[in-house]
Amino acid sequence: MRAVIQRVNSARVYADGAFSGECARGLYILLGVSVNDTERDAELLSEKIPKLRIFSDSAGKMNLSALDIGAEALVVSNFTLYANYRHGNRPDYLASAPPERARELYNYFLALIGARMPCQSGVFGADMRTEMSTDGPVTIVMDSELLRKN
């Protein structure tokens with residue numbers, strides 16, 4: 001699984017033109033699922049992301065996690081995180097999991113992270129539009145494959 005995590009002041013997502021979810025100060029997470037991902041990948045990311053110390057303490061140092069500050073999360077599925085752009089100018093998405101398996105793992109991730117912190121989401125497979133106010137900006141790209149190796 002691959003996650004692009006942005007520290008935000010707020011974020012909202014609209015799916016097929018209708019409001020779907022939002023978060024106040026917290027994490028905006030784009031989540032992609034690969035053909036090789038399992039439940040363990042969702043578990044690894046959902047354990048690590050809320051503990052990332054990317055929020056500033058009173059001295060202005062990034063020493064606090066989302067859990068420390070009571071942050072919220074907004075999670076949006078995004079198969080394009082597995083784009084292969086090496087050949088030509090039209091990316092392929094063959095490394096992305098098939099829709100049914102991706103939906104299953106996406107929903108599993110939502111349940112896991114939602115048990116750790118307040119969380120809302122977009123609608124899997126929908127045409128979505130997001131609005132956000134980034135904070136920093138702080139952006140972290142996390143891949144569960146790297147976490148599996150530790």
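**Briefing: salt bridges, pocket and nonpolar cores**

A network of salt bridges links Asp37, Asp41 and Arg148. The model is predicted, and 10 salt bridges are found in it. Its largest pocket has a volume of about 380 Å³, and its largest nonpolar core has 31 residues.

**Salt bridges**

- Side chains of opposite charge can pair when their charged atoms come close.
- Within the network, the side chains of Arg148 and Asp37 meet in a salt bridge with an N to O distance of 3.9 Å. Arg148 belongs to helix 4 (residues 144-148) and Asp37 to the loop between strand 3 and helix 1 (39-48), so this pair ties together parts that lie 111 residues apart in sequence.
- The two partners differ in their surroundings: Asp37 is buried, at a relative accessible area of 5%, whereas Arg148 is partly exposed, at 42%. The cut-off for buried is under 20% relative accessible area, and partly exposed residues fall between that value and 50%.
- A salt bridge also joins the side chains of Glu39 and Arg101, at 3.3 Å from N to O. This pair links distant parts of the chain, with Glu39 in helix 1 and Arg101 in helix 3, 62 residues apart.
- Glu39 is partly exposed, with a relative accessible area of 32%, and Arg101 also counts as partly exposed, at 25% relative accessibility.
- Arg40 and Glu43 form a salt bridge whose closest N and O atoms are 3.5 Å apart. Both residues are in helix 1, and because they are 3 residues apart, about one helical turn separates them.
- In this helix 1 pair, Glu43 is partly exposed, with a relative accessible area of 21%, and Arg40 is partly exposed, with 41%.

**The largest pocket**

- Rolling a probe the size of a water molecule over the atoms shows where empty space is left.
- The lining of the largest pocket comprises 20 residues, and those nearest its centre are Ser77, Asn78, Phe79, Gly125 and Met128. Strand 3 (26-32), strand 6 (72-77), helix 3 (99-114) and strand 8 (128-143) are the elements that each give two or more residues to this lining.
- Strand 3 provides the largest share of the lining, 4 residues.
- By residue class, the lining divides into 12 nonpolar, 7 polar and 1 charged.
- Ser77, one of the residues nearest the pocket centre, lies in strand 6 and counts as buried at 13% relative accessibility.
- Leaving aside neighbours within four places in sequence, Ser77 is in contact with Leu31, Tyr106, Val123, Phe124, Gly125 and Met128. Of these partners, Gly125 and Met128 are also listed among the residues nearest the pocket centre.

**Nonpolar cores**

- In soluble globular proteins, nonpolar side chains tend to be buried together.
- Within the largest nonpolar core, the residues with the most contacts are Leu27, Ile29, Leu45, Ile49 and Phe109. At least two residues of this core come from each of strand 1 (2-15), strand 3, helix 1, strand 4 (53-56), strand 6, helix 3 and strand 8. Helix 3 gives the most, with 7 residues.
- Beyond its neighbours within four places in sequence, Leu27 has contacts that include Ile5, Val8, Ile49, Ile54, Phe55, Leu74 and Met117.
- Another core, of 10 residues, lies apart from the largest one, and its members include Leu30, Leu74, Val76 and Leu81.

Definitions and conventions: Residues are numbered from 1 along each chain as its sequence is written. This is a predicted model: local features need pLDDT of at least 70, side-chain atom pairs count only at pLDDT 80 or more; totals for chains, interfaces and linings use all residues. Side-chain values use heavy atoms; hydrogens and water are left out. On a 1 Å grid over the protein atoms alone, a cavity is a set of points where a 1.4 Å probe fits but cannot get out, and a pocket is an open set with protein on both sides within 12 Å along at least five of seven lines; lining residues have an atom within 4 Å of a point. Grid points are joined across faces, edges and corners, and a volume is the space filled by probe spheres set on the points. Ala, Val, Leu, Ile, Met, Phe, Trp, Tyr, Cys and Pro count as nonpolar, Asp, Glu, Lys and Arg as charged, and the others, Gly among them, as polar. A salt bridge is a side-chain nitrogen of Lys or Arg within 4 Å of a carboxyl oxygen of Asp or Glu. Buried means under 20% relative accessible area, exposed over 50%, partly exposed in between (1.4 Å probe, protein chains only). Contact means heavy atoms within 4.5 Å. A nonpolar core is a set of buried Ala, Val, Leu, Ile, Met, Phe, Trp, Tyr and Cys residues joined through side-chain atoms within 4.5 Å.
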